[in-house]
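Reader: Could you take me through one part of this structure in detail? I'd like a close look at a single strand and its surroundings, then a quick tour of what lies further off.

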Amino acid sequence: AEIAQAFLTCIAIVVGGAWAYIRYVHERLLHPRASLDLRIYDQILPEGKRLIHASVRIANTGNVMLRLEEAELRLRQVVPIPEELEDVVRSGYDPVPEGESEIKWPSIANRDWTLNKGEFEIEPGEDDSLHADFVIDVEVRVVQLYFFFKNPSKKKRNVGWTDTQMHDLGPNEKGE
């Protein structure tokens with residue numbers, strides 16, 4: 001009976017170890033997980049300008065602390081079509097570069113966050129936000145916002161979480 005009990009104990013330890021391996025290594029529970037929600041607010045300002053306020057909500061959907069060390073937000077002009085793309089679009093050629101899947105809209109402005117370890121941490125199940133303001137010409141009617149948050153557990157690779165949105169700014173101050 002003691003031999004059988006020792007054998008069953010060994011089996012239980014092996015099964016428990018296999019379960020732990022699958023749970024923590026194979027299912028990647030030790031790695032951070034995040035979801036992003038990018039929101040945009042715009043307001044016409046005096047002197048032919050427009051304020052764009054972007055808010056990026058970062059939710060920690062994983063089981064480990066999520067630390068933000070590097071992030072960037074790019075504001076790109078779509079309409080009116082920028083001069084460098086206008087000829088390509090008018091000629092009927094595809095403005096998407098070979099091997100790519102999106103048009104490379106020119107950047108109007110960028111906001112970058114480079115933080116020291118511990119300055120921006122999100123506990124599992126919680127969220128926090130980053131905010132950025134841009135002032136652009138009121139003639140810009142459609143913009144693209146691209147947000148990238150680098151995965152801090154992948155130090156040697158430039159991988160992380162992204163969100164890209166187009167935003168129609170509506171008419172300018174003249175109602176056009």
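**A close look at one strand**

Author: Leaving out residues up to four places away in sequence, Lys150 touches Glu70, Lys155, Arg157, Asn158, Val159, Gly160 and Trp161 (contact means heavy atoms within 4.5 Å). Before going on, a word on the source: this is a predicted model, where local features need pLDDT of at least 70 and side-chain atom pairs count only at pLDDT 80 or more, while totals for chains, interfaces and linings use all residues. Residues are numbered from 1 along each chain as its sequence is written, and side-chain values use heavy atoms, with hydrogens and water left out.

Back to Lys150, which lies in strand 8. Strands, by the way, are DSSP runs of E with at least two residues, and helices are runs of H or I with at least four, both numbered from the N terminus. Lys150 is buried yet has no salt bridge. Its nearest side chain of opposite charge is that of Glu70, 4.1 Å away. For the terms: buried means under 20% relative accessible area, exposed means over 50%, and partly exposed is in between, using a 1.4 Å probe and protein chains only. A salt bridge needs a side-chain nitrogen of Lys or Arg within 4 Å of a carboxyl oxygen of Asp or Glu. As for charge, Lys and Arg count as positive and Asp and Glu as negative, with His and the chain ends not counted.

Zoom out to the whole of strand 8, residues 142–150. Nine of its nine residues are buried, so strand 8 is largely enclosed by the rest of the structure. In a regular strand, side chains alternate between the two faces of the sheet. Here both faces are covered: one has Val142, Gln144, Tyr146, Phe148 and Lys150, the other has Val143, Leu145, Phe147 and Phe149, and all of them are buried.

What does strand 8 pair with? Strand 9 (residues 160–168) joins it in the antiparallel sense over nine bridges, and Gln144 stands opposite Met166 there. Strand 4 (residues 70–79) also pairs with strand 8, again antiparallel, over eight bridges. Pairing here takes at least two DSSP bridges between two strands. In that second pairing, Arg74 stands opposite Tyr146, and Ala71 stands opposite Phe149.

Strand 4 deserves a look too. Seven of its ten residues are buried, so strand 4 is largely enclosed by the rest of the structure. Strand 4 runs antiparallel to strand 5 (residues 107–114), and seven bridges join the two. Ala71 turns up here as well, standing opposite Trp113 in strand 5.

Just before strand 4 you'll find Glu69, in the loop that follows strand 3 (66–67). Glu69 is buried, with a relative accessible area of 19%. Setting aside its neighbours within four places in sequence, Glu69 is in contact with Trp113, Thr114, Leu115, Pro152 and Lys155. Lys155 is also one of the residues that Lys150 touches. Measured against the other end of things, Glu69 and Ala4 are 65 residues apart in sequence and 53 Å apart in space, C-alpha to C-alpha.

Now for the salt bridges, of which the structure holds eight. One of them links Arg67 to Glu121, with the closest N and O atoms 2.9 Å apart. This pair ties together distant parts of the chain: Arg67 is in strand 3 and Glu121 in strand 6 (residues 121–122), 54 residues apart. Arg67 is partly exposed at 29%, and Glu121 is partly exposed at 33%. Arg50 and Asp42 form another, their closest N and O atoms being 2.9 Å apart, and both residues are buried. Glu100 and Lys104 make one at 3.5 Å. In this pair Glu100 is partly exposed at 42%, whereas Lys104 counts as exposed at 55%.

Further off, Pro46 is found in the loop between strand 1 (34–45) and strand 2 (49–60). Pro46 is exposed, with a relative accessible area of 61%. From Pro46 to Thr9 it's 37 residues in sequence and 77 Å in space, C-alpha to C-alpha.

Last stop: helix 1 (residues 2–26), where Val15 has its place. Val15 counts as exposed, at 52% relative accessibility. Together with Phe7, Leu8 and Ile11, Val15 makes a nonpolar surface patch of about 410 Å². Patches are made of residues with over 30% relative accessible area and no salt bridge, joining like charges within 9 Å and nonpolar side chains (Val, Leu, Ile, Met, Phe, Trp, Tyr) within 5 Å. The areas come from the Shrake-Rupley method with a 1.4 Å probe, and for residues only the protein chains shown count as cover.
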